[in-house]
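Open the model in your viewer and keep the selection tool ready. The tour goes stop by stop.

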Amino acid sequence: MTDIRICPVCGEKLNSSPRGLFCSRGHSFDRAKEGYVNLLGGSKKGSLRGDSREMAVSRRAFLNRGYYAHLAAGVASALPDRGGSLLDICCGEGYYTEQLSAVRPEYKFFGFDISKEMVRLAAKRRCGAEFFVANLGSIPVEEGSVDAAIHLFAPFNAPEFARVLKKDGVLLSVVPGRDHLMGLKQVLYEKPYPNDEAEPDTRGLFTLTDKLRVKKTVTLTSAEDIGTLFQMTPYYFKTGVSGAEKLKELSTLETETDFIILVYRRGDRV
């Protein structure tokens with residue numbers, strides 16, 4: 001399968017070599033020792049850094065313990081059987097790409113994130129995917145080249161997602177279900193609230209074809225895992241000191257995980 005990536009400078013198709021990627025106009029991008037390439041060009045490269053190395057390592061350790069393995073299995077089962085190119089949008093440290101590539105070998109996997117530290121760890125998984133650093137606002141991927149894309153807990157950019165997907169392409173987007181992390185919120189807040197299960201604004205560019213719920217109660221077995229989960233949520237930036245301190249006192253935590261997998265097909269209007 002040909003590479004779906006394009007030059008972030010001129011938009012030309014990128015060709016691959018052992019040393020990196022290059023286009024016909026002479027722009028080239030070196031391959032890091034881990035195997036990824038940095039396609040975050042221009043002024044954006046220095047101004048947008050994404051997650052730190054510490055957060056990337058902590059998230060990798062948390063996910064590797066299997067707390068969200070049921071979500072990965074649910075996403076894998078929701079993918080079409082036809083294969084082709086699959087893009088992991090805001091792939092983080094590559095956990096879901098690795099899990100999916102092990103059970104859906106009919107796909108060629110690509111994944112990107114704005115955090116170089118996340119992409120570096122993703123590439124170290126050696127799962128056969130092509131990882132690259134890029135900006136969600138301008139994805140360096142050829143128009144109409146992606147057969148399927150996954151999008152988990154990241155900002156939704158409907159025009160860019162529609163641009164890169166094929167006309168009959170499928171997008172799987174995951175949002176928190178009503179009871180997601182209720183056990184965590186019961187520690188943080190006096191009156192914990194359910195999630196609203198709000199669907200992203202697709203701007204009429206996608207048609208929702210299916211809606212799947214994946215639920216499981218998990219038990220976190222260390223203060224480190226509890227802290228990492230907390231940092232992975234928006235509550236980390238919204239919770240007062242007293243709630244955060246109560247969480248620090250825990251060495252185990254039982255909480256519901258509740259995910260909604262939204263299955264979209266790209267519409268005709270792009």
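Which helices are included in what covers the buried residues of α9? Select α7 (182–188) and α8 (223–231): both are part of that cover. Bear in mind throughout that this is a predicted model.

**Stop 1: helix α9**

Now select α9 itself, residues 241–248. Colour G243, A244 and L247, which are buried. Why do they sit on the same side of α9? They cover an arc of only 95° around the axis, and so share one side of the helix. The general rule helps here: an α-helix has 3.6 residues a turn, so residues three or four places apart point the same way. Next, rotate to the face turned away from the buried side of α9. There you meet V241, S242 and K248, which are exposed.

**Stop 2: helix α5**

Move to α5, residues 116–123. How many of its 8 residues are buried? The count is 7, so α5 is largely enclosed by the rest of the structure. Select E117, M118, V119, R120, L121, A122 and A123 to see the buried set. Then show what lies over them. The cover includes helix α2 (53–64) and the strands β6 (107–113) and β7 (130–133).

**Stop 3: D258**

Go on to strand β11, residues 253–266, and pick out D258. Is D258 buried or exposed? Its relative accessibility is 0%, so D258 counts as buried. Label the backbone nitrogen of D179 as well. A polar atom of the D258 side chain lies 3.0 Å from that nitrogen. Now expand the selection to the contacts of D258, leaving aside neighbours within four places in sequence. V175, P176, G177, R178, D179 and H180 are among them. So are E197, R213, V214 and K215.

**Stop 4: the cysteines**

Finish with sulfur. How many disulfides does a search of the whole structure find? The result is 0. Select C10 and C23. C10 is in no disulfide, and its nearest cysteine sulfur, that of C23, is 3.7 Å away. A disulfide would need the two sulfur atoms within 2.5 Å. C10 has a relative accessible area of 23%, so C10 is partly exposed.

Last, select C127 and C91. C127 is in no disulfide either, and the nearest cysteine sulfur, that of C91, is 9.4 Å away. With a relative accessible area of 21%, C127 is partly exposed.

Conventions. Residues are numbered from 1 along each chain as its sequence is written. This is a predicted model: local features need pLDDT of at least 70, side-chain atom pairs count only at pLDDT 80 or more; totals for chains, interfaces and linings use all residues. Side-chain values use heavy atoms; hydrogens and water are left out. Helices (H or I, at least four residues) and strands (E, at least two) are DSSP runs, numbered from the N terminus. Buried means under 20% relative accessible area, exposed over 50%, partly exposed in between (1.4 Å probe, protein chains only). A polar contact is a pair of N or O atoms within 3.5 Å; within protein, one must be able to donate a hydrogen and the other to accept it, and residues adjacent in sequence count only if both atoms are side-chain atoms. Contact means heavy atoms within 4.5 Å. The arc is that of the directions from the helix axis to the C-beta atoms.
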